[in-house]
Amino acid sequence: MRKLKITPDKETPKQQAKNSKAQTLLQHIECIIELAENSKLSNEFYQNAKPNIHFVAKTMCLTEKQAVLFSLFIERSDDNSISISDISKFLACRNIKTICLMNEADELEKRRLLRCSRGDKRMSYRIPLEVINAIKQGGNFNLKDTKNLTTETLFDRMENLFEERAEREISTELLHVELNAMIDDNQQLAFCRQLKEYKEMIYNEDEQLLLLLFCHLFVNNDDDRVGFHDFDYLYDGKSSFKRIKSSLQHGHADLIENNILEYNNDNGFSDRDCFRISTHAKEKLFSELDVKIKQAEYKKDLLLHDKIAGKELFYNERERAQIAQLSSLLNSENFASVQEKLEKNGMRKGFACLFYGAPGTGKTETVYQVARATGRDIMVVDISETKSCWFGESEKKIKEVFDRYRALVKAHSVAPILLFNEADAVIGKRKDVASGSVAQTENAIQNIILQEMENLDGIMIATTNLTQNLDKAFERRFLYKIEFDKPCAEAKKMIWRSMMPMLSESEAAQLANTYDFSGGQIENISRKRTVESIINNEEPSFESILTHCQSEQLQKVKRVGF
């Protein structure tokens, strides 16, 4: 059978004249648009527009279908929300025919010639301004070179990409591809080298992308408290977000297990809905950037040693010698040397200290002044926060205290002090488990603390008023135990003079010998005297100070009831 040879329709003279005049990229795109209108993208259209399509495709390194589709989007480039139906109306065809071209749209998006917004269960497109400007100048739009970037430029581009993702103008997959390309192309940067190292520890691609977001938020937005609402937009599907949310909350994520991300802290306890990059990871990732990592960390979780006001304390002779010895030990050079020797001899490196004695004898203030003198910050634990009405939560909270402290010790050259103030509630004698679930929980908390004290690599100080209630297992684990007695007469005289310099030697001696007050009680009387002087606008007499002393003494022996 003889095959028929189909000859395509010839261009009209007007079309031939138009095509012959087309020289620039923009003019060829214009010809495609004119021929495409109401054409339904018929074979006739493709034949008539063939020279123009070929020119655009060759100039921009596109396929012929991509060249046509790109030209159609250029026609509506003043619209930031171009829909498939807009293109279909222009072509006078059904949406199904235009939908068949959407694979080509995906390729244009990968080339960054299109932006696609996928929000609100609807897809729309726009042509970026930089692409339009490139077309006007008659050249092809090329992606910005990703090689040999500075750290600052790299973070600027990261910010743009995450903003596009927030606007749903770039898919999660494409976002990941472009970010990875920048990281791979800039291994001369310490940041990129460290990310590549972390990539070998983080197997989940969703977590890899999340780490990049955390880096962007920390550097570009100074945001160090990232919650789930800050990255729920990051993933294309809800299931991906739910999976990573669950793994972060339960501590199963590679980012958590490898100490790259950590839970944010308040009063030493973790908030499992709020995260940040760990200090250790920040120091590795951002060494090339001027970011104050340690200072930011300190402000959140620690009482800084240089913010502690100096205060002169007065001790009995035995206490003074013990505290001086402890202060000398906690000097950074001495402490490092002692730890090294202990480790060589197979002994525990950590130091657990107990300050015990009556209220107002200066236990807590001594911790502050020792920290100030030795340059050690303090991580203060709020004991009440360890008590939770939810079964199992108290144990988690106390574990998180030690996890956080362990991270701080690793991250800083001078280990901070872990302070359990008024620790009676957690180091007292064990309860009978038969008395109920509360007793079981408290015993479980004690077991955790005992185990952590065995593995301690830093400095823990606990203060307590009730030593007779101390569990024997804890007593053995405190290396240093310093008892704070009420001050002797000589020490009390010095305390009176330090708090009320207007007192004479004989007056201070009289007060010291007459009243068996602690330093805290003497300070209380001094405050009352100050309030009285402000109200009356004159210095109180010695007799009024005696009255305050009697009042303080009465409060001590006063009984309530029958």
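Leaving aside its neighbours within four places in sequence, which residues is isoleucine 449 in contact with? Keep that in mind as we go; the model you have open is a predicted one.

**Stop 1: two helices.** Select residues 25-36, which is helix 2, and residues 64-75, which is helix 5. Their axes sit 9 Å apart, and the helices pack at an angle of about 90°. That's why helix 2 counts as roughly perpendicular to helix 5. Now show the side chains: from helix 2, pick Ile29, Ile32, Ile33 and Ala36, which meet Val68, Phe70, Ser71, Leu72, Ile74 and Glu75 of helix 5. Sorted by class, this contact has eight nonpolar residues, one polar and one charged.

**Stop 2: the sheet.** Next, find the open sheet of five strands, with parallel pairing and the order 7-8-9-6-10. At its edges are strand 7 (378-381) and strand 10 (480-484), and each of them pairs on one side only. On average, neighbouring strands here are turned by 20° against each other, direction ignored. Zoom in on strand 8 (residues 417-420) and strand 9 (residues 459-464), a parallel pair with four bridges. Click phenylalanine 420, then alanine 462, its bridge partner in strand 9.

**Stop 3: the cores.** Stay with Phe420: along with Ile449, it has the most contacts inside the largest nonpolar core, which has 53 residues. Now select Ile449 for the opening question: beyond its close sequence neighbours (within four places), it touches Ile398, Phe402, Val426, Met460 and Phe474. For a last look, select Ile183, Leu209, Phe231 and Leu285, which are among the 48 residues of another core, lying apart from the largest one.

Methods: Residues are numbered from 1 along each chain as its sequence is written. This is a predicted model: local features need pLDDT of at least 70, side-chain atom pairs count only at pLDDT 80 or more; totals for chains, interfaces and linings use all residues. Side-chain values use heavy atoms; hydrogens and water are left out. Axes are lines fitted to C-alpha atoms, for helices over the stretch in contact, and angles run from 0 to 180 degrees between N-to-C directions. Angles under 35 degrees count as roughly parallel, over 145 as roughly antiparallel, 65 to 115 as roughly perpendicular and the rest as oblique. Contact means heavy atoms within 4.5 Å. Ala, Val, Leu, Ile, Met, Phe, Trp, Tyr, Cys and Pro count as nonpolar, Asp, Glu, Lys and Arg as charged, and the others, Gly among them, as polar. Two strands pair if DSSP finds at least two bridges between them. A nonpolar core is a set of buried Ala, Val, Leu, Ile, Met, Phe, Trp, Tyr and Cys residues joined through side-chain atoms within 4.5 Å. Buried means under 20% relative accessible area, exposed over 50%, partly exposed in between (1.4 Å probe, protein chains only).
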